[in-house]
Amino acid sequence: MAHAPLFAGLTMLTLVLRQTIRPHPFGSSTWIKRLLLVAATLFVAGILVEMLQGMIGRSASVHDAIANGLGILAASAWFVAGGLSSTVGRRSLQLLGAIFIGLTWWGPIEIIRDCLKVESDFPRIASFETPIEITRWHFNRGRRGRTTSNVTDGEFALRWSPKDAPHPAMTLLEVASDWSDVETLELDIVLIAKKGAADGSQAVGSDTVASDASSEDSVKTEPTTSAPAISNPVTPLATTPDRTWEVIVKVIDEDHEDYHHDVAKHYVTLRSGEPQHVIFPRQSMIDGPKDRKLDMTRIKMVSLLISEPGPGIELNVDHLHATLKPSGDPPTP
């Protein structure tokens, strides 16, 4: 949000100073050349700054470069408007400049609104009804998008096709932090194995969060409840009946020291095409870390990891939510 106003200010300041020090008649060829030269120079400078950021470890952003350019266009429009005698022409260019700035602010404002929804929607955590919800998640391996298959809440679910790697994960980075009244974490998962994906033995492997951290983990399974009705189920193709996959649901608080022992984990065994309604109980979350209690008032991330998915695997995830204790219940330590 700062890029366009910053470059608009730099452009306007440069144009005004040059016109004050060495004035040229408004609309003359020399005046126009100066305007174009200043705008082009600052635009190239903005691109070079972005390239330099990429060389020194920061991220180079095309969006930032575009925002710089729109800020320059806005200042140019306002500078030209200052020399017009026509009220209509002056107002039109002033409005055009404001529109250029507004275009750069549209995306950031949508992200800010979505960040506010993280808190206001709780205990609903994710239902994937808007594309911007997916930006709350980090996917370290695989492709993702929305789907209308296997929907249990609203009209869309998340479709994640993890890469054939030891432990791909998807991690929710934007989550309400205070879970002091949470009784359970629940979500709906359907694993779809495409043709040839279920060949081989049952996967048993290591787990990690969406960072590069990884380590060996023993296999556990916990019973899950039957799944609710699901719309538009996807039929799996040519799967081996006894092949199963392990998904690990992790809840991570601010005090975690690693992504393996110092987090709460819930193990789910999936078969292709069989919906699972996963319930992660409160006490299991609290007792999850090896040498301490999970701090339910400072939750940082929720992660879903699949061990050894193999090729052609798709996970449909929907209705990630928490259930709360009835009002009037005493707080649980």
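**Figure 1. The whole chain, with its five helices and 11 strands.** This is a predicted model, so treat what follows as computed. Buried residues account for 43% of the 333 residues in the protein chain. As for what gets put in contact with what, take the contacts with a separation of 6 or more: 76% of them link residues 24 or more positions apart. On the outside, the protein chain exposes about 17,000 Å², with carbon and sulfur atoms supplying 59% of that area.

**Figure 2. A close-up of the largest nonpolar core, which has 42 residues.** Trp179, Leu185, Val251 and Met285 are the members that touch the most other members. The element that gives the most to this core is strand 6 (residues 182-193), with six residues. A second core, separate from this one, has nine residues, including Leu15, Trp31, Leu35 and Ile72. In soluble globular proteins, nonpolar side chains tend to be buried together.

**Figure 3. Zooming in on Met285 and the residues it touches.** Leave out anything up to four places away in sequence, and Met285 still touches Trp179, Val182, Thr184, Leu185, Val251, Ala264, Phe280, Leu294 and Met296. Trp179, Leu185 and Val251 may ring a bell: together with Met285, they touch the most other members of the largest nonpolar core.

**Figure 4. Strand 4 (residues 157-161), a mostly covered strand.** Four of the five residues in strand 4 are buried. Strand 4 pairs with strand 3 (residues 143-147) through five bridges, and the two run antiparallel. In this pairing, Thr147 sits opposite Ala157 of strand 4. Strand 4 also pairs with strand 11 (residues 313-324), again in the antiparallel sense, over three bridges. Here Arg159 is the residue to look for, standing opposite Asn316 in strand 11.

**Figure 5. Helix 2 (residues 29-55) from end to end.** How far apart are the end C-alpha atoms of helix 2? They are 39 Å apart, and that agrees with the 39 Å its 27 residues should span at 1.5 Å a residue.

**Figure 6. The buried residues of helix 2 and what they pack against.** Trp31, Arg34, Leu35, Val38, Ala39, Leu42, Gly46, Glu50 and Gln53 are the buried residues to pick out in helix 2. The packing partners of these buried residues are helix 1 (3-21) and helix 3 (62-82). Two names on the buried list, Trp31 and Leu35, also belong to the second, separate core of nine residues.

Methods. Residues are numbered from 1 along each chain as its sequence is written. This is a predicted model: local features need pLDDT of at least 70, side-chain atom pairs count only at pLDDT 80 or more; totals for chains, interfaces and linings use all residues. Side-chain values use heavy atoms; hydrogens and water are left out. A nonpolar core is a set of buried Ala, Val, Leu, Ile, Met, Phe, Trp, Tyr and Cys residues joined through side-chain atoms within 4.5 Å. Buried means under 20% relative accessible area, exposed over 50%, partly exposed in between (1.4 Å probe, protein chains only). Contact means heavy atoms within 4.5 Å. Two strands pair if DSSP finds at least two bridges between them. The expected span of a helix is 1.5 Å times one less than its number of residues. Accessible areas come from the Shrake-Rupley method with a 1.4 Å probe; for residues, only the protein chains shown count as cover.
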